[in-house]
Amino acid sequence: MEKQIMKCIDTGSEYCPCYLSETGSCLTCSRLQGKDVCDCDWTGVCVYNEFILNGGKKSAPRKETKCRIISKTAVLEDYIIFEVEVDKGFVIKCLRPGSYVFMRNAQAEHFYDVPLSLLAADYDKGSISVGVRIISAKTISLADSFESVIVRGPYRNGIIGLDPKMRGSRILIAAKGAGTASAVYGYNLLRENNHIDLLLNNGILEKKLLPKYISEDAERGSGNILIRDMQADEERDKISLMIKNVGYDNIIVLGSNEFIEDFKNITEGSGVGADKNINISVEEKDTGEPEEESFHEKCRIAFSNNNVSCCGEGICGACAHINKDGQRILSCKCANRELLG
């Protein structure tokens, strides 16, 4: 069986090498895994060299920061949006689709950290916004915050299989419920360099978030904003036909696991296979002669990382996912769509 080399979402960043380098658990570096030779496929700054130059220790980890609450808005009875003040350097680090932070009530212990996808980041204002669905103890505690909160991050693996450097691509972002925040954020970041359609479910939350967080500039971007009842058979047929006609290079599905599976059924109806995530070149086809790719063979599918996230650093193991080959994958770190699918 061909060896699958794991790619870490943090490799080459300021947080690399991380905590896992000190326990022989690095996803990328074979030397830090205890092997005698280097057989990684990382082409950036050598992780092992950085570890040695750092005295055999990890780089400075993400720090907790006490942040002032700028505004707190109850969008629904069980959904609150916090806008909090952060430094502009932190905002820059957040400018990547799929970014998220851990946040808790400033009076609470670290056990109350809640992972939250970013809804907006404003460099000029020096702020980030997140949406909080009030469910249980952690979010109830966070909802009781009025003056300040504790923020740690940013983390980057909120969307599995995403290429954040997409340019000139045809992209469809489909979202429902809590996935709407990450969808709107990704739409605003990717729209300038791509043709991007934003497809949202016809729900109360989606309609509440859209007017405020999709700016006028965004609406002038290349693409469309569509609100559809994705449970209606007629609308599902229209969506399937749209996917087939447009021929998207990337489809990003954000929401619950149930929604992701349901949307895969819609994409399969258009000819996009649920397991098609890697671009296939004409040279890879065993046909004897080069032929033009059909769109569904080159379509890359990304989706919400809905695995449990507790520490965000791969230490606690709460995010561990056992894939179909029996491999134990740390989903808060691993960036391989094919290993987590």
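**Close-up 1. The second largest pocket holds about 890 Å³ of space.** The model shown here is predicted. In this model, 30 residues line the second largest pocket. Those that lie nearest its centre are P115, L116, S117, A178 and N306.

**Close-up 2. Strands and helices contribute to the lining of the second largest pocket.** Two strands and two helices each supply at least two residues: strand 4 (114-122), strand 5 (127-133), helix 3 (137-143) and helix 4 (179-190). Strand 4 gives the most, with four residues. By type, the lining residues divide into 12 nonpolar, 15 polar and three charged.

**Close-up 3. Six strands form an open sheet with mixed pairing.** Read across the sheet, the strand order is 7-12-11-8-9-10. Strand 7 (159-160) and strand 10 (225-228) stand at the edges. Each has a single partner strand, so one side of each is left without a neighbour in the sheet.

**Close-up 4. Strand 8 and strand 11 run parallel.** Strand 8 covers residues 170-175, and strand 11 covers residues 250-254. Five bridges join these two strands. One bridge partner pair is A175 and L254, with L254 in strand 11.

**Close-up 5. Helix 4 and helix 5 pack on the sheet.** Helix 4 touches strand 7, strand 8, strand 9 (195-201), strand 10 and strand 11. The direction of helix 4 makes about 160 degrees with that of strand 8. Helix 5 (residues 204-213) touches strand 9 and strand 10. Its direction makes about 140 degrees with that of strand 9. Helix 4 also supplies at least two residues of the lining of the second largest pocket.

Methods: Residues are numbered from 1 along each chain as its sequence is written. This is a predicted model: local features need pLDDT of at least 70, side-chain atom pairs count only at pLDDT 80 or more; totals for chains, interfaces and linings use all residues. Side-chain values use heavy atoms; hydrogens and water are left out. On a 1 Å grid over the protein atoms alone, a cavity is a set of points where a 1.4 Å probe fits but cannot get out, and a pocket is an open set with protein on both sides within 12 Å along at least five of seven lines; lining residues have an atom within 4 Å of a point. Grid points are joined across faces, edges and corners, and a volume is the space filled by probe spheres set on the points. Ala, Val, Leu, Ile, Met, Phe, Trp, Tyr, Cys and Pro count as nonpolar, Asp, Glu, Lys and Arg as charged, and the others, Gly among them, as polar. Two strands pair if DSSP finds at least two bridges between them. Contact means heavy atoms within 4.5 Å. Axes are lines fitted to C-alpha atoms, for helices over the stretch in contact, and angles run from 0 to 180 degrees between N-to-C directions.
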